[in-house]
Amino acid sequence: MMLTGMHVAIIGGDARQLEVIRKLVELDAKLSLVGFDQLAHHFTGATKMSIEEVDFADLDAIILPVHGTTLDGKVNSVFSHEPIPFTEEMVQKTAKRCTVYSGISNSYLDELMKKTGRKYIQLFERDDVAIYNSIPTAEGTVMMVIQHTDFTIHGSRIAVLGLGRVGMTVARTFAALGAKVKVGARRSEHLARITEMGLEPFHLNDLEKEVRDIDVCVNTVPHLIVTASVIAKMPAHTLIIDLASKPGGTDFRYAEKRGVKAILAPGLPGVVAPKTAGQIIANVLAQLLYQDLQKRKENKQ
């Protein structure tokens with residue numbers, strides 16, 4: 001699976017992008033790197049340049065950081081002092097075949113991609129990426145519980161809210177460490193799956209009743225679910241870890257008022273295991289770019 005003949009611009013990012021660069025260099029893609037001027041490492045086959053030097057007309061793909069852009073259209077890079085502009089004008093210069101990749105999107109990017117009509121892929125919307133990422137997320141959650149409690153995970157009572165791609169891995173991980181895990185969900189097939197996993201299911205409508213005896217609450221539901229009235233029913237020592245994307249699903253103001261420790265912890269893979277998180281992104285990107293290349297070859301025939 002080689003990417004010979006593909007020209008890819010990697011614009012900004014953090015340590016995870018280094019794994020993407022390594023992988024794509026290995027697969028013989030031609031890389032233009034923007035926002036890596038402070039990076040001492042040189043990759044053969046990859047050229048560091050400013051955004052003004054990029055030949056957008058020649059690009060087959062643009063890879064933005066996991067967080068995409070800021071709301072005013074800038075791309076941040078930990079390897080550069082200056083935020084990099086990413087504009088409609090730049091994308092319009094690309095060929096119709098050019099695909100733009102980021103981890104997640106925002107209103108600026110959504111609007112930009114709609115106007116330019118280019119193919120746009122949000123990697124974190126994909127099941128495979130989310131499931132692979134749930135592994136470092138679960139490990140990071142274990143780390144945080146150990147750091148912020150004075151009791152063992154073994155034997156503690158943990159409520160996991162939501163049995164999505166992250167919730168399932170988190171629940172299984174804590175159960176394997178000997179915690180008494182109960183999992184809240186709404187869908188009947190999720191409640192059935194929780195039972196099958198040997199864990200205690202409950203319906204999220206009963207959340208207030210179910211938190212009365214817990215030590216840790218791990219939320220994965222991306223809307224306000226751990227409300228003031230839920231927090232009011234928790235024991236004072238309960239630790240809340242919210243893994244949902246910002247702003248999370250917890251009333252942090254009330255938690256603080258009541259003295260319940262609540263931590264918003266989105267993006268744990270990039271924090272606890274940037275190398276693995278980068279390899280997950282790199283492997284999926286390599287596959288998608290290769291599929292693009294194959295399609296183009298078939299169309300030429």
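These legends walk through several close-up views of one predicted model.

**Figure 1. The whole chain, with its helices and strands.**
Let's start with the full model, which is a prediction. The chain has 301 residues, and 51% of them count as buried. Its C-alpha trace spans about 60 × 40 × 35 Å along the principal axes. Look along the chain and you'll meet eleven helices and 14 strands. What share of the contacts with a separation of 6 or more comes from residues 24 or more positions apart? That share is 57%.

**Figure 2. Two domains, one of them made from two stretches of sequence.**
The domain assignment puts residues 7-125 together with 274-299 in domain 1. Domain 2 takes residues 128-266. Measure from centre to centre over the C-alpha atoms and you get 34 Å between the two domains.

**Figure 3. Where domain 1 meets domain 2.**
Here six residues of domain 1 are in contact with six residues of domain 2. Together the two domains bury about 580 Å², and 68% of that area sits on carbon and sulfur atoms. Which three residues supply the most on the domain 1 side? They are F124, I280 and V284, with 67% of the area that domain 1 buries against domain 2. The residues on this side of domain 1 come out as five nonpolar, no polar and one charged. As for salt bridges between domain 1 and domain 2, the count is zero. The number of residue pairs in polar contact across this interface, with both residues at pLDDT 80 or more, is zero too.

**Figure 4. D292 and K119, a salt bridge across 173 residues.**
The whole structure holds 16 salt bridges. One of them joins the side chains of D292 and K119, at 3.5 Å from N to O. D292 sits in helix α11 (residues 274-300) and K119 in strand β8 (residues 119-122), so this pair ties together parts that lie 173 residues apart in sequence. Are the two partners buried or partly exposed? D292 is buried, with a relative accessible area of 10%, while K119 is partly exposed at 40%.

**Figure 5. E210 and K182, a buried pair.**
In this view the side chains of E210 and K182 form a salt bridge, at 3.0 Å from N to O. E210 belongs to helix α7 and K182 to strand β10 (residues 180-185), and the pair links distant parts of the chain, 28 residues apart. E210 counts as buried because its relative accessibility is 14%. K182 is buried as well, with a relative accessible area of 8%. The pair isn't on its own: salt bridges that share partners join R157, K182, E210 and D213 into one network.

**Figure 6. D213 and R157, another part of that network.**
The side chains of D213 and R157 also meet in a salt bridge, this time at 3.8 Å from N to O. D213 lies in the loop between α7 (207-210) and β12 (216-219), and R157 lies in strand β9 (residues 157-161), so the pair ties together parts 56 residues apart in sequence. D213 is partly exposed, at 37% relative accessibility. R157 is partly exposed too, with a relative accessible area of 37%.

**Figure 7. T116 and its surroundings in helix α3.**
T116 lies in helix α3, which covers residues 107-116. With a relative accessibility of 6%, T116 counts as buried. What does the side chain of T116 have 2.9 Å from one of its polar atoms? It's the backbone oxygen of L112. Set aside the neighbours within four places in sequence, and T116 is in contact with E88, V91 and Q92.

**Figure 8. Two spots to check in the backbone.**
The peptide bond joining K246 and P247 is cis, with omega of about 5°. You'll find P247 in the loop between β13 (239-242) and α9 (252-258). The other spot is D28, which has a positive phi of about 70° although it is not a glycine. D28 lies in the loop between α1 (15-26) and β2 (30-34). At 36% relative accessibility, D28 counts as partly exposed.

Methods:
Residues numbered from 1 in each chain as written. Heavy atoms only, no water. Domains from an automatic or database assignment. Contact = heavy atoms within 4.5 Å. Buried area = accessible area lost by both parts, 1.4 Å probe. Salt bridge = Lys/Arg side-chain N within 4 Å of Asp/Glu carboxyl O. Polar contact = N/O pair within 3.5 Å; in protein donor to acceptor, adjacent residues only side chain to side chain. Nonpolar A, V, L, I, M, F, W, Y, C, P; charged D, E, K, R; others polar. Helix = DSSP H or I, 4+ residues; strand = E, 2+ residues; numbered from the N terminus. Buried < 20%, exposed > 50% of the residue type's maximum accessible area, 1.4 Å probe, protein only.
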